[in-house]
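Here are a few friendly notes to read alongside the model. Take them one at a time, and keep the 3D view open as you go.

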Amino acid sequence: MDRWVGKVAVVTGASSGIGAATVKQLIKAGMVVVGLARRVERVEALKDDLPGDERKRLHAMKCDVSKEEDIVGTFKLIEEQLGGVDVLVNNAGVGLGVANLIDAGNTETLRTVIDTNVLGLVLCSREAVQSMKRRSVDGHIIHINSVAGHRVPPIPRFNIYAASKFAVTAITETMRQELRNEGSKTKVTSISPGAVKTDLLSQDLIDSGVPTLEPEDIADGIVYVLGTPPRVQVHELTIKPVGEAF
Ligand code: NAP
């Protein structure tokens, strides 16, 4: 991780779960971290657990990744205040397992999932790549995908969530090809967790006693892929709890 010390990592969805755990680990690894979320006060609160010198390296910014104007404005602010983006962890995501795909009147749910999990991820990636190109930086973009981005698990009310994560699988390879065609050394990685004990996991699923990972297990994976030598691109990293059924 030495080459990332003092460099800027942007983590979307930093207010809870995997994003919050990632912020803490990247700060520990010596990075300057910008944590984005709508509940920005929760990102601010992460500073309470950090020693003073580490606290200074965490910047909390309010950003709704389902809104293009928020994304463009936030990345501009990051450029002005911190110089630009070297690492992006596209972690923000919603499940909204409240309705089936074919249920009546579910349009808003469908749009929210796609706007957040797919468009938000692509627009953040676009802004980050532009920032890297302007400064001739070989950066790293990490998408938090899901095992549901490779196979649809038989979970009720999964809605368009799996489709949104299948899109992340395709976007990862599309971005890799586009960057390669431009001669860029910027890396793109998809990390696909199984069930992780966070607010996103439905209470029904937790109550059913399925095996779960901790958010820190995924943050460990992020630190691993970032720490690989410049010649190595981990394209896909799947992390399941032992005994997962899907
Ligand atoms: P979580 O604790 O519910 O965290 C979700 C994060 O996304 C929150 O910080 C939330 O922040 C943010 N977010 C949601 N909508 C947003 C928006 N419009 N703009 C900005 N931020 C937004 O759940 P998690 O499990 O850590 O989820 C993180 C990622 O892991 C997601 O992409 C999820 O699909 C993926 N994943 C989770 C699991 C699992 O079992 N938990 C498994 C596989 C993949 P605010 O609400 O404060 O904005």
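**Notes on the predicted model**

1. Let's begin with the cysteines. In this predicted model, the disulfide count is zero. Why? A disulfide needs two cysteine sulfur atoms within 2.5 Å, but the sulfur of cysteine 63 has its closest cysteine sulfur in cysteine 124, 5.8 Å away, so the gap is too far for a bond. Both residues are worth finding in the view: cysteine 63 is buried at 3% relative accessible area, and cysteine 124 is buried too, at 1%.

2. Next, look at helix H4, which runs over residues 68-82. Its 15 residues reach 21 Å from first C-alpha to last, close to the 21 Å expected at 1.5 Å a residue. Just after H4 comes glycine 83, with a positive phi near 100°.

3. Which residues of H4 are buried? They are Ile71, Thr74, Phe75 and Ile78. Seen down the helix axis, the buried residues fall within an arc of 95°, so they line one face of H4. Their cover includes strands S1 (8-12), S2 (32-37), S3 (58-62) and S4 (87-90), along with helix H5 (107-134). On the other side of H4, you will find Glu69, Lys76, Glu80 and Gln81 exposed.

4. Finally, try alanine 219, which sits in helix H8 (residues 215-226). This alanine is buried, with 1% relative accessible area. Leaving aside neighbours within four places in sequence, alanine 219 is in contact with Ala21, Thr22 and Gln25. Alanine 20 lies 199 residues from alanine 219 along the chain, yet their C-alpha atoms are separated by 9.0 Å.

Technical notes
Residues numbered from 1 in each chain as written. Predicted model: local features only at pLDDT ≥ 70, side-chain atom pairs only at ≥ 80, totals over all residues. Heavy atoms only, no water. Buried < 20%, exposed > 50% of the residue type's maximum accessible area, 1.4 Å probe, protein only. Helix = DSSP H or I, 4+ residues; strand = E, 2+ residues; numbered from the N terminus. Contact = heavy atoms within 4.5 Å. Expected span 1.5 Å × (residues − 1). Arc of directions from axis to C-beta.
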